[in-house]
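Trainee: I am new to this structure and would like a close look at one small part of it. Please take your time, and then set that part in its wider surroundings.

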Amino acid sequence: MDIIRVKNADEGGQKAFEIIKNGIANGADTFGLATGSTPETMYSYMVSSDMDFSDKVSVNLDEYVGLDGNDEQSYRYFMNQHLFNHKPFKKTYVPDGKAEDLDAECKRYDDVIADNPIDIQVLGIGQNGHIGFNEPGTSFDATTHVVELTESTVNANKRYFDKVEDVPTRALTMGIRSIMQSKKIILMAFGKAKADAVKGMLEGEVTEDLPASVLQNHNDVAVIIDEEAASQL
Ligand SMILES: O=P(O)(O)OC[C@H]1O[C@](O)(CO)[C@@H](O)[C@@H]1O
């Protein structure tokens, strides 16, 4: 793994943006995208650039079950606000959290991923080492599935909701197998709360107990970490 140390989230977002830009110059046109606070600076750099993404495709990692794309807490809404409303893409995919048949939605999303092989996948990391919403214990062979969120994840994400009871407890997520099939992966981690997960991911054994550790088995990963996230290394 290529470890890129930066001062803070702003510099990290700039580095990630540069990797995206180089990727596009080398033919990348399908991007796996992530939500959460981590990629926000990267999206700001994309938005304030003069780049045109109108011939690019995005495939997002995950969505809360039960939330419509117009719901301000949904990941579809997040992506529209942070990127797509400013920089239109040719096509943007996010799992449908309101699908009546969730199993069918997982199957549909696997077809989307198969039809749109991801050139560059952007990832954050949960405090418990999750990637996408693949929580500890998820099989490395998983494809898109419905997940029960752990207490740690619900607590970490409650900052976006009025009260913890409002945080959905289930989500649809792309599986680890699909993430690992991306040609290139950029994982960003900023802040002290991520330090233990980053240490486990980079220095620990490869184990389903810490999903991000699987990235040790991928041959093209850029890990962008700030000083606080790197503080346990
Ligand atoms: O970037 P945050 O807000 O710390 O969240 C960590 C990770 O958890 C998720 O919110 C779950 O998908 C990811 O989007 C994100 O990478």
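Trainee: Where does Val 167 lie, and between which two elements?

Mentor: Residues are numbered from 1 along each chain in the order in which its sequence is written. The model is predicted, with local features needing pLDDT of at least 70 and side-chain atom pairs counting only at pLDDT 80 or more, while totals for chains, interfaces and linings use all residues.

Val 167 is found in the loop that runs between α5 (151–157) and β8 (170–173), where helices (H or I, at least four residues) and strands (E, at least two) are DSSP runs numbered from the N terminus. Val 167 counts as partly exposed because it has 19 C-beta neighbours inside 10 Å; a residue is buried with 20 or more other C-beta atoms within 10 Å of its own, exposed with 12 or fewer, and partly exposed in between, the C-beta atoms being placed from the backbone. Leaving aside residues up to four places away in sequence, Val 167 touches Val 154, Asn 157, Lys 158 and Phe 161, a contact being two C-beta atoms, placed from the backbone, within 7 Å. Ser 213 is 46 residues from Val 167 along the chain, and the C-alpha atoms of the two are separated by 27 Å.

From this loop we can turn to the sites that a record marks. UniProt, in an unreviewed entry, places the feature "active site" at Asp 62, Asn 128, His 130 and Glu 135; such positions are given in the numbering used here, feature names are shortened, and annotations may be inferred rather than shown by experiment. Asp 62 belongs to strand β4 (residues 62–64) and is buried, since 23 other C-beta atoms lie within 10 Å of its own. Its contacts, again not counting residues up to four places away in sequence, include Tyr 75, Pro 95, Ala 171 and Leu 172. Asn 128, by comparison, sits in the loop between β6 and β7 (145–148) and is partly exposed, with 19 other C-beta atoms within 10 Å. Among the residues that Asn 128 touches is Glu 135, which the UniProt entry also lists under "active site".

Asp 62 also appears in the shell around the ligand, together with residues including Ala 34, Thr 35, Leu 61, Gly 132 and Phe 133, a residue being near the ligand if its C-beta atom, placed from the backbone, lies within 6 Å of it. This shell divides into 3 nonpolar, 7 polar and 1 charged, where Ala, Val, Leu, Ile, Met, Phe, Trp, Tyr, Cys and Pro count as nonpolar, Asp, Glu, Lys and Arg as charged, and the others, Gly among them, as polar.

Finally, there is the chain as a whole. It has 7 helices and 10 strands, and its radius of gyration of 16 Å is close to the 17 Å that the globule rule gives for 233 residues, so it is as compact as a globular protein of that length; the radius is taken over C-alpha atoms, and the rule is 2.2 Å times the number of residues to the power 0.38. The C-alpha trace spans about 45 × 40 × 35 Å along its principal axes, and buried residues make up 42% of the chain. Of the contacts between residues at least 6 apart in sequence, 80% join residues at least 24 apart.
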